[in-house]
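Please take a moment with the sequence and the model below before reading on. The paragraphs after them are meant to be followed with the structure open.

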Amino acid sequence: MIPEIPEPRVPLGSPEPRGVAVVVRGAKLLVIARVLDGHEYAVLPGGGIEPGETPEEAAVRELAEECSMTGRAVRRLFDGDQGGRPASYVLVEAEGEPVLGGDEALASSPDDSYRPLWATEPELQLLGLLPEGIAELVAAEVWPLRVDEIRHDEWPLVERLWQLYQHDLSEFRHSAPDAEGSFVAGRLTAYRERDDRVGYLARRGNVPCGFALVHATGRGKPLMGEFFVTRSSRGSGVAAGFAREVLARHPGTWVIPFQDENPRAAAFRRRLAAEVLVDVAEERFEVPGKPHLPPDVWMTGTTRSA
């Protein structure tokens, strides 16, 4: 007699409505990496809503059972779908570190395993967070892009980001850190001290992810002196959203310098110009005091709303 082969179980196959805990620590989100009958994926902590429970109460309870974490529901982010069943996604403030518990710990086996871990936004794609599309929805809620003018007490933070920016540029402009291992502040100092210059700081949620430094040219046009987004935020639309916001705050004709030898930055600026500027033109100028370097490209264009 041939033994009956059981049907492979399906991720998120249970039909009951679900309360889902969204737990954030800085730039990381709590997920549970799963292996189920050969399927490797990840889910957010959560489970079925019991009779008499609210989605918020279910999310907090499931977080305690699955990850041994005490939590407090902050707010419901949105109602959606999880594998075809209704699901409410709840922002939960939690203490401690996740440790697998409850039925998940008892049932964990090589073909049905659970592993709580913290994941950055790019890692959510690598882990295969389910259901499809939920990573983008959650990220937009917990890590919204914020753009604020740099306050006086935030310049030390910008100085630290400046080191990352200068390190990126050193690949193309052949600069090096000093004997203490730091790149010189250079032009950054002028933005703290002069009234005709302004800086903007970008954050995802409460995590800094970039800066933009703007000053007026001799003809009164705003010039994008420096623009930087951290590598972990690139390729996700953050840089474009940040740049669009800065340009919108100074409607009119802009000057945006860049270097062709930095192909990724050059392509980004040209895409941005095509989206939000009109009457775009480019000129090339020698780098002051460094005739051996390729010329800078100075792109001009006018914001569409101006």
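What follows goes from the confidence of the model to its sheet, its strand pairs and its cores.

This is a predicted model, and the mean pLDDT of the protein chain is 91, with 94% of its residues reaching 70 or more. Among the elements of the chain, the highest mean pLDDT, 97, belongs to helix H1 (residues 55-67), while the lowest, 84, belongs to helix H2 (residues 102-107).

A good place to begin is an open sheet of 4 strands, in which the order is E5-E1-E7-E6 and the pairing is mixed. Strand E5 (46-48) and strand E6 (71-82) are its edge strands, each of them pairing on one side only, and from one strand to the next the twist averages 25 degrees. Within this sheet, E6 and strand E7 (residues 85-94) are paired in the antiparallel sense over 10 bridges, and Arg72 has Glu93 in E7 as its bridge partner. Helix H1 packs on the sheet, where it touches strand E1 (18-22), E5, E6 and E7, and the direction of H1 makes about 65 degrees with that of E7.

Helix H4 is the next element to find. H4 lies across E1, E6 and E7 and runs at about 145 degrees to E6. In this helix, which spans residues 134-142, the residues Ile134, Ala135, Val138, Ala139 and Val142 are buried. These residues cover an arc of only 125 degrees around the axis, and therefore they lie on the same side of H4.

Another antiparallel pair is made by strand E3 (residues 28-36) and strand E8, which are joined over 8 bridges; here Leu30 has Trp118 in E8 as its bridge partner. Strand E8 (residues 112-119) is mostly covered, since 7 of its 8 residues are buried.

Further along the chain, strand E11 (residues 207-216) can be followed through its pairing with two other strands. Strand E10 (residues 197-204) runs antiparallel to E11, and 8 bridges join the two; one partnership is that of Arg204 with Val207 in E11. E10 and E11 form a hairpin with 2 residues between them, and Gly205, in the turn, has a positive phi of about 65 degrees. E11 is also joined by 7 bridges to strand E12 (residues 222-229), again in an antiparallel arrangement, with Ala212 standing opposite Phe227 in E12. Strand E11 is itself mostly covered, with 7 of its 10 residues buried.

Which residues touch the most other members of the largest nonpolar core? Of the 28 residues in that core, they are Met224, Phe227, Phe242, Val246 and Leu247. Two or more residues come from each of E10, E11, E12, helix H7 (238-248), strand E13 (253-259), helix H8 (263-276) and strand E15 (296-303), and H7 gives the most, with 7 residues. Apart from this core lies another, of 22 residues, and among them are Ala42, Ile134, Ala135 and Ala139. In soluble globular proteins, nonpolar side chains tend to be buried together.

Helix H7 deserves a closer look. H7 is mostly covered, with 8 of its 11 residues buried, namely Val238, Ala239, Ala240, Gly241, Phe242, Ala243, Val246 and Leu247. If neighbours within four places in sequence are left aside, Val246 is in contact with Tyr200, Ala212, Val214, Met224 and Trp254. Leu247, also found in helix H7, has a relative accessibility of 2%, and because buried means under 20%, Leu247 counts as buried. Not counting residues up to four places away in sequence, Leu247 touches Met224, Trp254, Ile256, Leu272, Val276, Leu277 and Thr303. Leu247 and Leu277 are 30 residues apart along the chain, and their C-alpha atoms are separated by 9.3 Å.

The last stop is Thr230, whose place is in the loop between E12 and H7. Is Thr230 buried or exposed? With a relative accessible area of 12%, Thr230 is buried, because this value falls under the 20% cut-off. When residues up to four places away in sequence are not counted, Thr230 touches Leu161, Leu164 and Cys209.

Terms used. Residues numbered from 1 in each chain as written. Predicted model: local features only at pLDDT ≥ 70, side-chain atom pairs only at ≥ 80, totals over all residues. Heavy atoms only, no water. pLDDT = per-residue confidence, 0-100. Buried < 20%, exposed > 50% of the residue type's maximum accessible area, 1.4 Å probe, protein only. Arc of directions from axis to C-beta. Pairing = 2+ DSSP bridges. Core = buried A, V, L, I, M, F, W, Y, C linked by side-chain atoms within 4.5 Å. Contact = heavy atoms within 4.5 Å. Axes fitted to C-alpha atoms, helices over the stretch in contact; angles between N-to-C directions.
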